[in-house]
Each structure stands twice: as C-alpha cells, then as structure tokens.
Amino acid sequence: MARKAKGKIIVIVGPNASGKSDLALKIAKKVNGEIISADSRQVYRGMDIGTGKITRKEMLGVPHHLLDIASPKSDFNVSHFKKSAQKKIVEITKRGKVPIIVGGTGFWIDALIYDWPIPEVGPNRALRARLEKLTAMQLFARLQKIDTGHAKNIDHHNKRRLIRALEIAATTGKPVPEFNFAYKYNHVNKQHEIGGQEYGFLVLGLKLPQKELVRKIHSRLLKWLKTGMLKEIKKLHRSGVSWKRLDSFGLEYRYGSRYLHNLISYDEMVDQTYRAIRKYAKRQMTWFKRNPQIHWIKNQNEATGLLKKLF
C-alpha cells in the first residue's frame, strides 16, 4: 500500500514564451503557493531581461525561489539545482504552503521530481581546456558516439553543455545520464519521494497553438531588445563575464554578444536569435512529450479543473 503523501506539489512545464510564469502566479494565489524556478539561466545574477526573469513587482507578493543564486562566472548544474530545490520544497511544505515548480528546463525538472540519479562530477580543468579548442560541431560529434540518447536532446550549438556532458562521460565512463525514458516515466506512482518524504504531484504542461507560440516568441524578443537586453549583455561583459562565456549561455546571450563584438549585424542577430528560440522550443516539447504524466492545458480554466483533483 502506498504511503500517505507528506504534501502536494504542482509542476508547470512548457516551451519558452508559453506563459508559464503568469499561470504559476495565478495558481499560487489560489492555493497559497510559493514558486521554485526551474530555469537553467535564471539562477544567474544579472541575467534578467534575456531570460524573462520575473521582477519583484511582477511577483505580486508571491515568494519566488532559486532566482539570482549564482554568479554567471560560475557553473550551476542540474546536481546543484536538485539539491537546492529539494531543500526549498521541504521548507515551503513546513510553512504549510504548496511548492510550485515552474520552468522549461525539462532535464532539471525530471531529475528533481522523479529523483533521477545525477553523477557528482567536479570540473576537470585540463579536460575542459582541451575540449574548448574544439568547435561545437566537433564536440557534438564526440557526444553522439558515446551518448546518443543525450545527444538527441542537447543544444548542439551550446559548447558549455556539450563540454559538461563529455566531462561527466569521461569521468564516470557512463552516459549523462543513460535513462530509459519510458521506464522512468511509466514505472512511478503519482506520489514521488523527495528528501525522504512522499509528495503528491500534478504536472501541468502549457501548450499553445504553434502560430500563437511563434508570434509570442517574436514579440517577446523585440520587447526585450527595446527594454535593454543588449545593455544587460554589455553590463555582464564589463563585470567580467567573457564573450565566450556569454556565448555559452545560448539564445539571446549568444547572438547578442556576437553582435556586440561585431561578429554579426543587428538584423542577423535578431533573425538568428528568433530562429534559435523557435528551435529550442521545439526541443523542449520533444522532451516533455515523453512524459505521459503531464496534463496538457491551454489556459488557467483547464488548470483549475485539474487542481480540484489534487486539492
């Protein structure tokens, strides 16, 4: 017989620009919740506009966690996220509130809520130095040979993530990680254990019609450019974040930094960023579609109906 759940957790996933943050706020107000960000770039201080990070005013008094907790000069990976998020879940539950995990970084979210084993591998400076000399295409080719499963989902232009994947594989002798996705998703109950306690989960996936999502991606990018995204990238560079490091963050920071040090024109920057975000959104959906436990919704009303089953 399943153990009684210690608490309840809501998870909201979906591609970039789908409206996850707004939905999370509305749900948090209804269920007395606190939000845990599961975004691999919003953890970094100073990366605000280009990540769509919610402002304090926009939070409407709802506590948000795991924002601005790391320097962009340092590495904050899935292992760090899992430990930090588990701690926050326990703290939030003890306060009698509902943890709401929100983000588009599918690997991070699944590693947390399904307790996937994450290799504890420290940085190998010598190996990284050798790998840095290779192009993203060469790194991706290496990863395909040793970890075809991970290679299917990783951003094959993102040298930072490619190098980390190769670093873990070289250290452990194993893929990063070698998951049988069908098994991992289908052989779990609706209750999962975090920090030694059982929690009931409701995983909501926000899915918009393709034309609407594409329009929102484009309009959001133009808005960010108008509100100072390039100034933000300049400020990060002046603070000591190298162009190479900015490029490794991908999407807005990659093409914005390339424009700022005269590798591409402004129009090329806008076009390449827009295309990259669309491709990334497609990869996000490919990841999420593996999980049969996700309840796909289009709006808040559909979410409210599902919430009644958990609360």
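Accessible areas are obtained here by the Shrake-Rupley method with a 1.4 Å probe. On that basis, the accessible surface of the chain comes to about 15800 Å², and 52% of this surface belongs to carbon and sulfur atoms. The structure is a predicted model, and every value in this report is computed from it.

## The chain as a whole

The chain contains 14 helices and seven strands. Of its 311 residues, 53% are buried. Among the contacts with a separation of 6 or more, 75% join residues that stand 24 or more positions apart.

## Three pairs of packed helices

Two packed helices are described by the angle between their axes and the distance between the axes. The table gives these two quantities for three pairs in the chain.

| Helix pair | Angle between axes | Distance between axes |
|---|---|---|
| α2 and α3 | about 50 degrees | 9 Å |
| α4 and α7 | about 135 degrees | 10 Å |
| α12 and α13 | about 165 degrees | 9 Å |

The pair α12 and α13 comprises residues 251–260 and residues 266–288. An angle over 145 degrees counts as roughly antiparallel, and α12 is therefore roughly antiparallel to α13. The crossing of α12 past α13 is right-handed. On the side of α12, the contact is formed by Leu251, Glu252, Tyr255, Gly256 and Tyr259. These residues meet Tyr266, Met269, Gln272, Thr273, Ala276, Ile277 and Tyr280 of α13. Sorted by class, the contact of α12 with α13 holds eight nonpolar residues, three polar residues and one charged residue.

Helix α4 spans residues 125–132, and helix α7 spans residues 159–172. The angle given for this pair makes α4 and α7 oblique to each other. Their crossing is right-handed. Helix α4 contributes Leu127, Arg128, Leu131 and Glu132 to the contact, while α7 contributes Lys159, Ile163, Arg164, Leu166, Glu167 and Ala170. The contact of α4 with α7 has five nonpolar and five charged residues, with no polar residues.

The helices α2 and α3 are likewise oblique to each other, and their crossing is right-handed. From α2, the residues in contact are Val78, Phe81, Lys82, Ala85, Gln86 and Ile89. Their partners in α3 are Phe107, Trp108, Ile109, Ala111 and Leu112. This contact of α2 with α3 is made up of nine nonpolar residues, one polar residue and one charged residue.

## Helix α3 and its surroundings

How many of the residues of helix α3 are buried? Eight of the eight residues in this helix, which runs from 106 to 113, are buried, so α3 is largely enclosed by the rest of the structure. The residues concerned are Gly106, Phe107, Trp108, Ile109, Asp110, Ala111, Leu112 and Ile113. Just after α3 comes aspartate 115, which takes a positive phi of about 50 degrees.

Asparagine 77 is linked to α3 through one of these residues. Apart from its neighbours within four places in sequence, asparagine 77 is in contact with Trp108 and Arg164. Trp108 is one of the buried residues of α3, and Arg164 is one of the residues of α7 that meet α4. Asparagine 77 itself is placed in the loop between β3 (64–65) and α2 (78–94). Is asparagine 77 buried or exposed? Its relative accessible area is 12%; since buried means under 20%, asparagine 77 counts as buried.

## Residues in other loops

Where does glycine 228 lie? Glycine 228 is found in the loop between α9 (210–226) and α10 (229–238). With a relative accessible area of 15%, glycine 228 is buried. Glycine 228 and glycine 50 are 178 residues apart in sequence, yet their C-alpha atoms are 9.1 Å apart in space.

Two further loop residues, neither of them glycine, have a positive phi. Asparagine 32 has a phi near 60 degrees and lies in the loop between α1 (20–31) and β2 (33–37). Its relative accessibility is 41%, so asparagine 32 counts as partly exposed. Leucine 60 has a phi near 55 degrees and lies in the loop between β2 and β3. The relative accessible area of leucine 60 is 53%; because exposed means over 50%, leucine 60 counts as exposed.

Note on methods. Residues are numbered from 1 along each chain as its sequence is written. This is a predicted model: local features need pLDDT of at least 70, side-chain atom pairs count only at pLDDT 80 or more; totals for chains, interfaces and linings use all residues. Side-chain values use heavy atoms; hydrogens and water are left out. Axes are lines fitted to C-alpha atoms, for helices over the stretch in contact, and angles run from 0 to 180 degrees between N-to-C directions. Helices (H or I, at least four residues) and strands (E, at least two) are DSSP runs, numbered from the N terminus. Angles under 35 degrees count as roughly parallel, over 145 as roughly antiparallel, 65 to 115 as roughly perpendicular and the rest as oblique. A crossing is left-handed if the near helix is turned anticlockwise from the far one by less than a right angle, and right-handed if clockwise. Contact means heavy atoms within 4.5 Å. Ala, Val, Leu, Ile, Met, Phe, Trp, Tyr, Cys and Pro count as nonpolar, Asp, Glu, Lys and Arg as charged, and the others, Gly among them, as polar. Buried means under 20% relative accessible area, exposed over 50%, partly exposed in between (1.4 Å probe, protein chains only).
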